[in-house]
Amino acid sequence: MTIIDTHVHLDHLENPEQALQEARGAGVEALVAVGVDLASCRKNLDYQNRISAPRIYLGFGIHPGNIKSDEIEETILWIREHHEKAQAIGEIGLDFWYKWARRDKEKKDEQRRVFARQLALAKEFDLPTVVHARGTWREAFEMTKQAGIKRAVFHWYSGPLDVLKDIIDGGYFVSASPALADSPQSREAIQNAPIEQILIETDSPVFFRYRDQGGGFMAAPKDVFSTLKAYVELKNIDGDLARVQFNRNARNFFRMNDLPDC
Ligand SMILES: [Zn+2]
């Protein structure tokens with residue numbers, strides 16, 4: 001009964017070592033730790049060097065909400081130098097939802113430039129991309145496609161169905177996240193996406209909110225089973241079939257070739 005969590009902010013967890021131990025106990029076999037800036041990528045690499053179970057795979061990237069103008073060059077250089085340690089470029093993308101970006105054309109353009117440069121890195125090193133695109137799904141999709149990216153996951157997808165259709169037709173993925181328990185947009189998207197093009201994740205330590213029950217908790221990697229449960233309830237599908245398919249998707253998408261079968 002093992003599972004893979006494909007999107008974790010390991011360095012943001014309150015107690016990463018403990019969370020990893022609990023995840024291992026719960027049956028999380030592997031996870032993808034995505035970076036949001038240089039410090040975050042470095043910390044996650046350090047966890048990978050020190051901890052062998054669950055297996056930690058890495059995404060390197062600058063998140064649109066974590067761009068520091070004077071650090072961009074250094075970070076891109078670092079990613080270039082360490083790309084062999086990465087299974088993906090991410091978390092990268094656009095986010096015009098932030099107040100500071102909403103009405104600031106220069107800030108938006110900077111996000112676009114940083115995203116484009118990282119898409120080019122993914123293309124150069126033949127790595128998949130983990131794309132964050134709150135409120136800008138169409139533009140993020142077009143940029144990804146135009147960059148010639150073959151493997152991309154539109155993480156936490158909660159955009160319109162016409163963009164979803166283009167994502168699916170383009171052979172890309174969307175993620176089933178804790179939003180499934182709470183967001184009508186996420187539920188509608190996942191309802192309409194084929195299971196073969198869905199990755200499952202926690203985005204931990206995001207707040208995992210239950211719409212109908214009025215409660216919630218800070219997610220950790222072990223809670224990927226809660227995302228699975230939300231998916232199983234939404235689709236009324238056998239839980240083990242879904243789990244096995246999600247594991248297969250994650251292995252292929254991130255090329256986890258050294259991970260034993262589960
Ligand atoms: Zn994230």
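**Zinc site, sheet and ring pairs**

Modeller: Along the chain, the donors of the zinc ion follow the spacing H-x1-H-x81-E-x111-D. Glu-91 sits in strand β4 (residues 88-93) and Asp-203 in the loop between β8 (198-200) and β9 (207-209), so this pair links distant parts of the chain, 112 residues apart (helices, H or I with at least four residues, and strands, E with at least two, are DSSP runs numbered from the N terminus). The model is predicted: local features need pLDDT of at least 70, side-chain atom pairs count only at pLDDT 80 or more, and totals for chains, interfaces and linings use all residues. Residues are numbered from 1 along each chain as its sequence is written, and side-chain values use heavy atoms, leaving out hydrogens and water.

Colleague: Which residues are the protein donors of the zinc ion, and what makes them donors?

Modeller: They are His-7 (NE2), His-9 (NE2), Glu-91 (OE) and Asp-203 (OD), lying 2.1 to 2.4 Å from the zinc ion. Donors are N, O and S atoms within 2.8 Å of the metal (3.2 Å for Na, K and Ca), so these four qualify.

Colleague: Why is the arrangement of the four donor atoms called irregular?

Modeller: Because the donor atoms subtend angles of 85 to 170° around the zinc ion. Four donors are tetrahedral if all angles lie between 85 and 135 degrees; four are square planar and six octahedral if opposite donors are over 155 degrees apart and all others between 65 and 115; anything else is irregular.

Colleague: How do you know that Glu-91 is buried?

Modeller: Its relative accessible area is 1%, and buried means under 20% (exposed over 50%, partly exposed in between; 1.4 Å probe, protein chains only). Asp-203, at 12%, counts as buried too.

Colleague: What makes Lys-235 partly exposed?

Modeller: Lys-235 has a relative accessible area of 27%, so it falls in between the two cut-offs. The residue belongs to helix α9. Lys-235 touches Ile-190, Gln-191 and Ala-193, not counting residues up to four places away in sequence (contact is heavy atoms within 4.5 Å).

Colleague: How do you know that β4 and β5 pair?

Modeller: Strand β5 (residues 129-132) and β4 share three bridges in the parallel sense, and two strands pair if DSSP finds at least two, so this counts as pairing. Ile-89 has Thr-129 in β5 as its bridge partner. Both strands belong to an open sheet of eight strands with parallel pairing, in the order β1-β2-β3-β4-β5-β6-β7-β8. Its edge strands are β1 (3-8) and β8, each of which pairs on one side only.

Colleague: What about the rings: how many aromatic pairs are there?

Modeller: Nine aromatic pairs. Among them, Phe-60 and Trp-78 are 4.8 Å apart centre to centre, with 70° between the planes. Rings of Phe, Tyr and Trp (its six-membered ring) pair if their centres lie within 6.5 Å; planes under 30 degrees apart are stacked, over 60 edge-to-face, the rest tilted. So this pair is edge-to-face.

Colleague: Which parts does the pair of Phe-60 and Trp-78 tie together?

Modeller: Phe-60 lies in strand β3 (residues 55-60) and Trp-78 in helix α3 (residues 72-82), so the linked parts are 18 residues apart in sequence. Phe-60 is buried at 0% relative accessible area, and Trp-78 is buried at 8%.

Colleague: Why is the pair of Phe-173 and Phe-253 called edge-to-face?

Modeller: Because their planes stand at 65°, with ring centres 5.1 Å apart. Phe-173 is in strand β7 and Phe-253 in helix α10 (residues 239-254), so this pair ties together parts 80 residues apart in sequence.
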